[in-house]
Structures are given as C-alpha cells and as structure tokens.
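Student: I have a new structure to read. Please go through the terms with me and show how each one applies.

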Amino acid sequence: MAQLIDGNAMAAVIRQEIATQITQRLEGDFAAPGLNLLLVGDDPASEVYVRFKAKDCAAVGISSTITRLPATASLADVTAIVEAWNADPAVHGILVQMPLPSHIDEIAVIRTIDPRKDVDGFHPANVGNLMIGVEGFIPCTPLGVLEMLKRSNIDPSGAHAVVVGRSNIVGKPLAMLLAQKRPQGNATVTICHTGTRNLAEITSSADILIAAVGRAGIITEQHVRRDSVVIDVGINRVLQEDGTSRLVGDVDFAAVEPLVRAITPVPGGVGPMTRAMLLRNTVWSAERLQV
Ligand SMILES: NC(=O)c1ccc[n+]([C@@H]2O[C@H](COP(=O)([O-])OP(=O)(O)OC[C@H]3O[C@@H](n4cnc5c(N)ncnc54)[C@H](OP(=O)(O)O)[C@@H]3O)[C@@H](O)[C@H]2O)c1
C-alpha cells in the first residue's frame, strides 16, 4: 500500500507554525501581516476561493480585507485599487483573484502589483527571479508541492521528475523549481502537454510524477512506474450517477495507488497546501518589508 501524503494534516501543522510566527511578530511590536484581496465580478468559484483565503488568514492572525468590484469594472478601476495598496504600508500582500472578466487584461493587472507584495508570485519580476534561482515569491501551488515532498522526506535530487501540464501558475514554475540546482530541486525534469507523443511511455519512466492537467483520471495504471511518487494537482468536478458531483484529481487513484510508493489524495492533497503557502508568502512579505 502506498504512503498517503496527507495535505490536510501537513497544512494544519504549517498553519500552526505560521500562527506562532505571527504571535512572535506581534510581541516584537510589528503589525499583523496584511493581505488585501480583490474580487472582480461574480464568478461563484472565485467568490468561494476568496472567502476561503480570508478565513485562512483569520485563523492564523493575518489581517485581510476583501474588496469587490462589479464585472463591468474597467482595467483603470482595478489598477487604481492595486496602486493604492502598493502605496499602503499596512498592506503586505496583494492578491487579485483570477480569472478576471475577459475585457480586463490580466497581465496588465499583474504588472501593476508591486513585486514585493505579489504573494501569488505571478508578476514577471518574480517569474524571472524563479527562473534564475534568485529569492522572490514562488506561486503557491508549486511551493506547496515542494513543501509536501520535503515534509514527506522525498528528495527530488537525481530523480526523473515528469510534470504533466505547462501552465504559468503550476506546470512551468514547478518544472523549473524541480530542475534548479538547490535543495528540493536537482531533478532531471520532463514537461508533458497536449503536444506530447507517447504520454504513458514518458510518465511511466518517472520517479516523481506530477499531474497538473485538469482532466479527471487521465493518469492511469499504464502511466506510472511501480514504486514511484505521484503528486496529483488536478481538481475536477465529476457528475455521479445519482446526479450529485464530487471532486477528483487527474489520477485514477484506485488504479494507481496500489502500484506506487507514495501518492496525494484529492481532495486533501495539494489543495490545502496551496492555501497554506499563500499564508506563508504573506508572512514572508511582511518580514521582508519589516513594517
Ligand atoms: N490543488 C491546487 O491547489 C490547484 C491549484 C491550481 C490548479 N489546480 C488544478 O490543476 C489542474 C491544472 O491547472 P492549470 O491551471 O495548470 O490548468 P491549465 O492552465 O488548463 O493547464 C493544463 C495543462 O495540461 C495540459 N494538458 C491538457 N490536456 C492534456 C492531455 N490530454 N495530455 C497532456 N497534457 C494535457 C495542457 O497542455 P497545453 O499547454 O498543450 O494546452 C496544459 O499545459 C486543474 O485541475 C486545476 O483545477 C489545482
């Protein structure tokens, strides 16, 4: 039976560590870390995500605010708010919930965020820092995956890591981090995507397989090597026969779990770690800005 990498349990420990760090910060007469969240429009999933983020902040002692703009807001409306937050020393982290309504240029908004407050790690300055191995904000999901590997004593050094998916928020940064010459990196990395021929042939040569695709059950027993480590980033809602729906990953868990050394569940795997890493990035931002 595979080792189950329990993201819920790990995230709970990390939240506790962060809460302690914030208490010490307050005892040192520094302000509580502050995260400002901007939600544009009324996408129900985004509404839920933003509320979860604010709730997570409250649980560890980060002060957060949610600002809402209507779906009709302009790029100028959004950037005006971001610029005000850039200038506000009580704001350590700025998060603009994506996706934005289609008439707003997301990259233009991201470019407006002060890179020192870009806790999502999406600003080109932070993307560049990650690429060249310089300290900066790392996007929460890739950071969460590295932390899961570390806390599970899985060292990517020398391993063949295969990342399926090349998005800017998950696949690409994760592949780059795993390839860096540094602790929790130093792997030989292959990136797969829709243009990949013989997906199963490549993934089944992985020591560490990371699925960040968004296709329920795309990774089956044919795609994995015996005794490998499988990290399932995917979150997919599937309809069941009784008309209800449930969340599943990209990995066919029942088929793959008996073959591998360690695996993350969905839900309860990478998701909670992603949420915990947003808190970590916010505290780190406050520490760096030292206000
Ligand atoms: N657990 C978390 O905290 C967390 C956080 C973020 C995202 N997610 C989930 O992770 C999944 C991926 O998210 P994302 O934002 O990276 O998605 P995305 O932007 O849609 O990217 C998906 C990637 O998968 C590749 N892909 C799609 N179908 C494929 C196939 N049949 N074979 C091989 N590659 C294929 C795509 O290739 P092309 O580039 O060729 O199109 C693309 O690079 C989603 O389920 C999302 O909900 C989870």
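The questions below take the terms one by one.

Tutor: This is a predicted model, in which local features need pLDDT of at least 70 and side-chain atom pairs count only at pLDDT 80 or more, while totals for chains, interfaces and linings use all residues. Residues are numbered from 1 along each chain as its sequence is written.

Student: What makes 20-116 and 140-270 domains of the protein chain?

Tutor: Domain bounds come from an automatic or database domain assignment. That assignment gives domain 1 (20-116) and domain 2 (140-270). Their centres, taken over C-alpha atoms, are separated by 29 Å.

Student: How do you know that strand 7 and strand 8 pair?

Tutor: Helices (H or I, at least four residues) and strands (E, at least two) are DSSP runs, numbered from the N terminus. Two strands pair if DSSP finds at least two bridges between them. Strand 7 (residues 208-211) and strand 8 (residues 229-232) have four bridges, in the parallel sense, so they count as a pair. Ala211 stands opposite Asp232 in strand 8.

Student: Why are strand 1 and strand 6 said to stand at the edges?

Tutor: The open sheet of six strands has the order 1-11-8-7-5-6, with parallel pairing. Strand 1 (3-4) and strand 6 (188-192) each have a single partner strand, so one side of each has no neighbour in the sheet.

Student: Why is the unit of strand 5, helix 7 and strand 6 called right-handed?

Tutor: A crossover is right-handed if, with the strands pointing away from the viewer, the path from the first strand over the helix to the second runs clockwise. Strand 5, helix 7 and strand 6 make a right-handed β-α-β unit, so their path runs clockwise in that view. Strand 5 and strand 6 run parallel and are joined by five bridges, with Ala161 opposite Val189 in strand 6.

Student: Which strands stand at the edges of the sheet with the order 3-2-4?

Tutor: That open sheet has three strands, with parallel pairing. Strand 3 (63-69) and strand 4 (93-96) stand at its edges, because each has a single partner strand. Four bridges join strand 2 (residues 34-40) to strand 4, and Asn36 stands opposite Ile94 in strand 4.

Student: What makes a residue part of the shell around the ligand?

Tutor: A residue is near a molecule if its C-beta atom, placed from the backbone, lies within 6 Å of it. There are 26 residues around the ligand, and Gly165, Ser167, Thr194, Gly214 and Thr274 come nearest. Helix 10 (residues 270-289) gives the largest share of the shell, three residues.
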